[in-house]
Structures are given as C-alpha cells and as structure tokens.
Amino acid sequence: MNLLMLLEMAASTMGERVAVQCEDQRWSLAELFAGAGHTAQRIRSSGARHLALLDVSSPAVPLALFASSWAGIPFVPLNYRLTGRELDALLERVSPALLITDAERAATLRGREGLSVRTREEWLEVARQQAPAPAQDWSMDPEEIATLLFTSGTSGAPKAAVLRQRHLVSYILGSVEFMGAGPEEAVLVSVPPYHVAGIAAILSAVYAGRRVVQLPAFDARAWLELAGREAVTNAFLVPTMLARIVDALEQDSGAAPGSLRALAYGGGKMPLPVIQRAMQLFPKVAFTNAYGLTETSSTIAVLGPEEHRAAAESRDPAVQRRLASAGRPLPGVEVEIRDPEGRALPAGERGEIHVRGEQVSGEYLGRGSQLLEGGWFPTHDGGLLDAEGYLFVEGRIDDVIVRGGENLSPGEIEDVLLDHPAVADCAVVGVPDEQWGEAVAAAVVRRQGQQTSAGELQAWVKERLRSSRVPQLLRFRSELPYNETGKLLRRRVREELAREVGPAGR
Amino acid sequence: MAQLKAGARLKSAVCETQVMVIAAPEGEVELTCGGAPMVDVSASAPGGSIDPELKGGTQIGKRYVNEEGDLELLCTRPGEGSLAADGTPLRLKEAKALPSSD
C-alpha cells in the first residue's frame, strides 16, 4: 500500500487531466507522477530521512507529498508562522532533512548542519524535467510513515502525529470513488499545507480526478474571485473562512459563484448561524460537514448535503438539531462515547468521543500508540450520539469549565449565545474564581450594526440554561483570535479574560 | 489456494489485470482471472491462455465482491479477464454514494 499506487492509477487512466493549478502553473496527473519520480531520485541521493516543507501552497506541495512516498521517507509540512526558535527545534527533530522553502527563508537556512535546502523554484524545475518517469520502484510496505504532522502543543513540545501509508490509503479508498469526478470539476483548496485537511484534499482530488486549484493566502474576496474565474465546482473550508466569505457576500451584495456545486467544511465547530446564512446565499450548493482529526487521517464522520437540507427544512426539533451535528461515521469507522472510567455510554449521554478504524492512527513519534485496547482512539473531544447515530461534537474535554464541582461545557453556552441575533461569534472559557474555583467568562463579537449589552446577553443565557451557565464576566471584542487552520485560540481568550478578573479570582 | 490478506496485491497470469485485496474472509480462497489462478504481483507469471468464456474484463478503480460480501478486490490495473473466487464469478460493487468531504 502506498499513496503512489493511487497516483499511478490516476496518471495511467486520466493522465492528461490537470491535477493541480496555482496561479499560472498547471500540472497534469501524468506530469505530477513523473515529477514525483524525478524529485524522488534527488531525495534518495541526498540521504535525507525526512522531506520537510516550509512554504505556502504551491504545486511543490503535492509533488513533495508524492515524491516522499516514492523515496520512502516521511513528508513533514511545517507551519510557516512558527517563530525562529520553534522552527529550529522542529528542524532538529527531523534532521537529516531535505527542506523545501521560499527563496528568502532558504537564504537564512542554507548551510545549517543536517539540512539540505532547496527553494520551491529549484524543486519545481527538477520536477519539470521532460525525461520520462523513473522506474516504479517505491516500497509497498503499508507501515512506512507517509507523513508527520506536528500538532500545536498547549504545553511542552509539539507532538508529531504519525500517519502511515496504510492509514492514508485506507482513508482514500474508503471515502473516494476512483475517477468519480467529471473532467470539468475543480476543488479550491485554501487551507495551509501543514493541515491534514490540505493533504486529504490533494489525495482525494487526485484519486477522483478532480483538479486542485490552490489559493496560497486566504482572503474572502480573493477566494470568491478565484472560484468564479476558474469555474470551481468544489471547495473545502474551515468555518472561519466560510464565515468571512458569507460576510463578504453580504457586505458586497454579491452573488455566489455559479459554478459551485459542493462545499465541505471541517477543522472546527461550525456556528449554526454561519451555516444557515451560507445555505441561503449558496442555494444550489451541496454542503458537507466533515469531522475528523489529524490523528484519524482527517474525516471520520460526515453530515451530507441531504441531511443539511432535511435539517434546514424540518419542523421536527430533533432533525433540525442535526444541522449542528457532525453527521454519521464513515463506513469502516466506529464511534463510541465513553465516560471518564472508559465505559461505553448509551445514545443521548455525553462523554468522550472514541473512534476506531483502519484510517485511525493515534500514534505520535517517540510516544508510541495512544490506542486503547481494541484499537480505540480517545479523541479528547466531548460529545454524544443521538438515537439515530448522529454524532454531536461539543468541544475539547480539556476546555470543560469546572465551577463549584460541576462540569460545564463551553460549547453549550456558546451555542446559546450564538442564537442571539446580535452575536456573531463568541468564546466561553473558565477563569479563576475564589468562590467557585472557576467562573464562566465570555468574549463576544457583535454582528455589524447590532447592539446589545452584557446584561442582556446574561439574561438571554439565564432564560435558556441554568443560572450556573450564565457568564459572570462578559466582554465585547471586535474579533476573536484564530490560528490559520481556523482553530479558536481558546487559551489566549482565557488568559485575556483571566487578567481582567485579577489575582486569586476576586 | 491461499488465505488472502488485506493489502495483498495479485495479478492475472493470462491478462494485464492487477488487484489489491481490500477485504478477505477467513480461510483459503482461490482467486482466478480469465480462468487461471492469480499470482502475487511480484511473482513471475506462469503464463497460459485466457479462457474465452471468462473475458468479461476488469476496470481500473472498480471494486469486485463475492455474494457473501466478505471478499472485496480493488482493480488497480485493468485487463481482459473476469475475476472469480473458488470458481464463482465476482460482481461489480456499486459505487459509494458518499459526498465529497475534502
């Protein structure tokens, strides 16, 4: 099993289809395959044990992903926003490595021991050679590590999530139909290369025969313009990107690109008001919520287009609620909700989401497998399954607020706040409190032109949930801190709000 | 006759067909293509001729399954022969109706 088997099948069957397009560059499937082969030979002769990439999206990304599989070393895409010190630490961990980066960074990093540096342009030139592809001599060992993805650690050094060839290949074979895309289809990918969704998007597109259109730097209006210009039919977005696109359309009184047929989103919780507005602005588009983790080779559960429509059109509250769910597990994936003692819980009860399946890795470099007996992976996400098997994800269990011995889920309070017409976004965190241990605090972003007060929102929450859930501290912000993969930086919100509370939570 | 393992790759002895095992039942199964036993992809093909009655052909990217549903093969290279397990032809599996999630 190897990712190259997937590319080889695609290149031999529909080699002339464009695989990836970025600005004015286009690479066909056949060219991507040959290019991977040429650069794989360079990797082998360099003696590098990892192929690292520190760059925004470009055709070098899919080339590097496949070349590393060909050469038999892990692909390690790195976050280009890391500080110098953070980057140095990661580079040392993957040494000896071959690093692909932009010209500016290459200049500062060249000459470092254990590091061979190439610029993106140099890499592309090697890949572009007209010579035919080399012999198909990649390993088919399913245990080979395909990629290492560093997860941002909240404490200590980042952990490297290990995804082996068997995880990624089984994920693609389990969720994508070979050549399932017509030649006119194109998917806009605007997530960074170090996000598992970006890797999954490339692999899915290649196997389906769908052209990848890359947007190296996300901007809502640039996204809309590119989607229109390239007649994009599909896209993957994290929730913050969709929120900005919806805002831009509403501000500009614009129309959604007519070519768009399908939008998949994931990587974070989708606020209900955003998906509702999006469904109205993009009436012809099929929406899919894809829930997954880096450690599970991305998607493990989907809420499909029909389920989005059914939820939006239903009068039954149980069905309506599903619009906020992560849908149902993919075939071959099992999900179980467990209590803190590890016992499986019945439908309707909240606990920690556990998952197992061939695509689930749960392994970190140097720390081994986190899989429990039976191959179950504890996701550290809290949630529940409803009676029909729909999965509801409530948020990281580590984000739970412990107030007076009671566990409060920030997600529950955030959902209620988001229901208020004046609230565009919010984050609920726990701050130190002398009386309760932790108190509920909220940072709220108001919708443009809307007014509300802390008192009004506190009363709103009190009417809908118990008084223990009412934010004791509520502050308005112009925006909340998110990272580039669309994850809310909850720790930062907590630190800011905790400062307001003062020492000892008085 | 052999116990098949998921991930194993086999090829036809009498045509270009290559498959990868996605799922296999417990016990031994004889896989044939074009009437001839399939061999491991790295083995040298014993050669022979294709059974003219078994030239239904295989399509790349398609899945082939048995009636019980516990044997599933992915065709990774197409060829002229028909696939069978213990003499019973395998049938084409219906394509998944999963929405694109990436």
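This section describes the fold of chain A, its contacts with chain B and several local features of the backbone in a predicted model.

Chain A contains 16 helices and 26 strands. Its radius of gyration of 23 Å agrees with the value near 23 Å that a compact globule of 506 residues would have. Along the principal axes, the C-alpha atoms of chain A occupy a box of roughly 70 × 50 × 45 Å. Of the 506 residues of chain A, 51% are buried. Among the contacts in chain A with a separation of 6 or more, 67% link residues that lie 24 or more positions apart. The domain assignment divides chain A into domain 1, covering residues 334–396, and domain 2, covering residues 400–505. The centres of domain 1 and domain 2 of chain A, taken over C-alpha atoms, are separated by 26 Å.

An open, antiparallel sheet of 4 strands in chain A has the strand order E16-E17-E20-E21. Strand E16 (334–338) and strand E21 (391–396) of chain A occupy the edges; each has a single partner strand, so one side of each is left without a neighbour in the sheet. From one strand to the next, the twist averages 45°. The pairing of E16(A) with strand E17 (residues 351–356) of chain A is antiparallel and comprises 5 bridges. Within this pairing, A:Ile337 lies opposite A:Ile353 of E17(A).

Parallel pairing is found around strand E3 (residues 50–54) of chain A, which is joined over 5 bridges to strand E5 (residues 97–101) of chain A. The bridge partner of A:His50 in E5(A) is A:Ala97. A further parallel pairing, of 3 bridges, connects E3(A) with strand E4 (residues 75–77) of chain A, where A:Pro77 is the bridge partner of A:Leu53. In a regular strand, side chains alternate between the two faces of the sheet. For E3(A), both faces are covered, with A:His50, A:Ala52 and A:Leu54 buried on one side and A:Leu51 and A:Leu53 buried on the other. Accordingly, 5 of the 5 residues of E3(A) are buried.

The loop between helix H4 (84–94) and E5 of chain A contains A:Pro96. The peptide bond from A:Ser95 to A:Pro96 is cis, with omega near -5°. Most peptide bonds are trans, and most residues other than glycine have a negative phi. Positive phi values occur at A:Met179, where phi is about 55°, and at B:Asp86, where phi is near 50°. A:Met179 is located in the loop between H7 and strand E9 (186–189) of chain A, whereas B:Asp86 is located in the loop between strand E10 (83–85) and strand E11 (88–89) of chain B. The surroundings of A:Met179 include 20 other C-beta atoms within 10 Å, so A:Met179 is classed as buried. B:Asp86 has 12 other C-beta atoms within 10 Å and is therefore classed as exposed.

The interface between the chains involves 26 residues of chain A in contact with 14 residues of chain B. On the side of chain A that touches chain B, two or more residues each are contributed by helix H1 (3–14), helix H7 (165–175), helix H8 (196–208), strand E11 (234–237), strand E12 (262–266), strand E13 (286–293) and strand E14 (298–303) of chain A. The most is given by H8(A), with 4 residues. By residue class, this side of chain A comprises 18 nonpolar, 7 polar and 1 charged residues.

A:Ile300 lies in strand E14 of chain A, one of the elements that give two or more residues to the side touching chain B. A:Ile300 counts as buried because 31 C-beta neighbours lie inside 10 Å. Leaving aside residues up to four places away in sequence, A:Ile300 touches A:Tyr291, A:Gly292, A:Pro329, A:Leu330, A:Val333, A:Val355 and A:Gly357. A:Ile300 and A:Tyr171 are 129 residues apart in sequence, while their C-alpha atoms are 8.9 Å apart in space.

Terms used: Residues numbered from 1 in each chain as written. Chains lettered and ligands numbered in written order. Predicted model: local features only at pLDDT ≥ 70, side-chain atom pairs only at ≥ 80, totals over all residues. Pairing = 2+ DSSP bridges. Axes fitted to C-alpha atoms, helices over the stretch in contact; angles between N-to-C directions. Contact = placed C-beta atoms within 7 Å. Nonpolar A, V, L, I, M, F, W, Y, C, P; charged D, E, K, R; others polar. Rg over C-alpha atoms; globule rule 2.2 N^0.38 Å. Domains from an automatic or database assignment.
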